[in-house]
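Work through these exercises with the sequence and the coordinates open. Each task is followed by a stepwise solution.

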Amino acid sequence: MTEEILVLGATGKTGRRVVRTLEAAGLTPRKASRATGFDWNDPSTWKQFLHGATATYLIAPEDPSAVAPFVEQAATSGVRRLVLLSGRGLDKTPPDVFQSMHAAEKAVRASDLAWTVLRANNFNQNFSEEIWQPEIEAGRLSLPVDDTPEPFVDVQDIAEVAALALTTDDHEGQTYDLTGPEGVTFATAVSQIATATGRQIDLVKLTPAEYREALLAQGAPEEVATELNGMFEAMRTGHLATPTDDIARLLNRPATSFETYVSETWR
């Protein structure tokens, strides 16, 4: 049977790379995003994307309550396989932090579908695509970090693992921790980008309280500030610091290093 693969968030960091990876393999995935008429807040828009799809790449929406109904509709529409992008260390994260990811994992794991969960570390591309990009380009990145290393993972590696799980039968019921090959401190990461660009970029280490106030001053909701502080707390405690070999095992090649990312992105 021909695979009909639905990719949610098809214009996002991971989604657009999942689309390209599938297309490079000769497939024609369905692209779901606001631009194509998919709206997480309007369940009536889901059916046209799910109808006839056999596999779905799923990213948790902002509203935790939307996930379970979507998974149920996916099952009734004939979807057989779900691949969910989640966050590494979620099992060590309180339920009030990253509520949507918790809800998505719960809904996917409780379903009768073949599922795979991809728990990823922070992306390399957070430095160059949204998130921290504006501060990096302004020459000053302010975050509540210390010298605990982070094995930043490359988004293309995630996309290739997702494409593998979407198109083969060997990953049912598996949870993969996707990391880069080595831990890199934020100070080292910023220094490497500064060297590659020839610009001065300062890393300012904030306290959690300072970071919260900065986020609120920028207009972020309280719950977003709480979630992000929870993520950085998990990073500082070392829960996410140890690299895994999941990418290397699954793709039969080394995971992309931060140094390689910098050399290919910040020229």
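Two strands pair if DSSP finds at least two bridges between them. The model used here is predicted.

**Exercise 1. Find the residue of β5 that stands opposite G87, and state the sense in which β4 and β5 pair.**

Step 1. Strands of a sheet pair through backbone hydrogen bonds, either parallel or antiparallel.
Step 2. β4 and β5 pair over seven bridges, in the parallel sense.
Step 3. Opposite G87 stands A120 of β5.

**Exercise 2. Give the strand order of the open six-stranded sheet and name its edge strands.**

Step 1. The order is β2-β1-β3-β4-β5-β7, and the pairing is parallel.
Step 2. β2 (30-32) and β7 (174-178) each have a single partner strand, so one side of each lacks a neighbour in the sheet. These two are the edges.
Step 3. On average, neighbouring strands are turned by 15° against each other, direction ignored.

**Exercise 3. Place helices α1 and α3 on the sheet.**

Step 1. Helix α1 (residues 15-24) touches β1 (5-8), β2 and β3 (55-59). Its direction makes about 155° with that of β1.
Step 2. Helix α3 (residues 67-77) packs on the sheet through β1, β3 and β4. The direction of α3 makes about 175° with that of β3.

**Exercise 4. Describe the packing of α8 on α9.**

Step 1. Two packed helices are described by the angle between their axes and the distance between the axes.
Step 2. The axes of α8 (residues 208-217) and α9 (residues 222-236) come within 9 Å. They cross at roughly 150°.
Step 3. The crossing of α8 and α9 is right-handed.
Step 4. α8 contributes P208, Y211, R212, L215 and L216 to the contact; α9 contributes E222, A225, L228, N229, F232 and R236.
Step 5. Sorted by class, the contact has seven nonpolar, one polar and three charged residues.

**Exercise 5. F98 has a positive phi, and so has E130. Decide whether each is buried or exposed.**

Step 1. Phi of F98 is near 55°. F98 sits in the loop between β4 (81-87) and α4 (99-110).
Step 2. The relative accessibility of F98 is 18%, so F98 counts as buried; the cut-off is under 20%.
Step 3. Phi of E130 is near 60°. E130 belongs to the loop between β5 (114-120) and α5 (133-138).
Step 4. E130 has a relative accessible area of 55%, so E130 is exposed; the cut-off is over 50%.

**Exercise 6. Locate S257 and list what it touches beyond four places in sequence.**

Step 1. S257 lies in the loop between α10 (246-251) and α11 (258-265).
Step 2. With a relative accessible area of 16%, S257 is buried.
Step 3. Not counting residues up to four places away in sequence, S257 touches N124 and P181.

Terms used
Residues numbered from 1 in each chain as written. Predicted model: local features only at pLDDT ≥ 70, side-chain atom pairs only at ≥ 80, totals over all residues. Heavy atoms only, no water. Buried < 20%, exposed > 50% of the residue type's maximum accessible area, 1.4 Å probe, protein only. Contact = heavy atoms within 4.5 Å. Axes fitted to C-alpha atoms, helices over the stretch in contact; angles between N-to-C directions. Left-handed = near helix turned anticlockwise from the far one by under 90°. Nonpolar A, V, L, I, M, F, W, Y, C, P; charged D, E, K, R; others polar.
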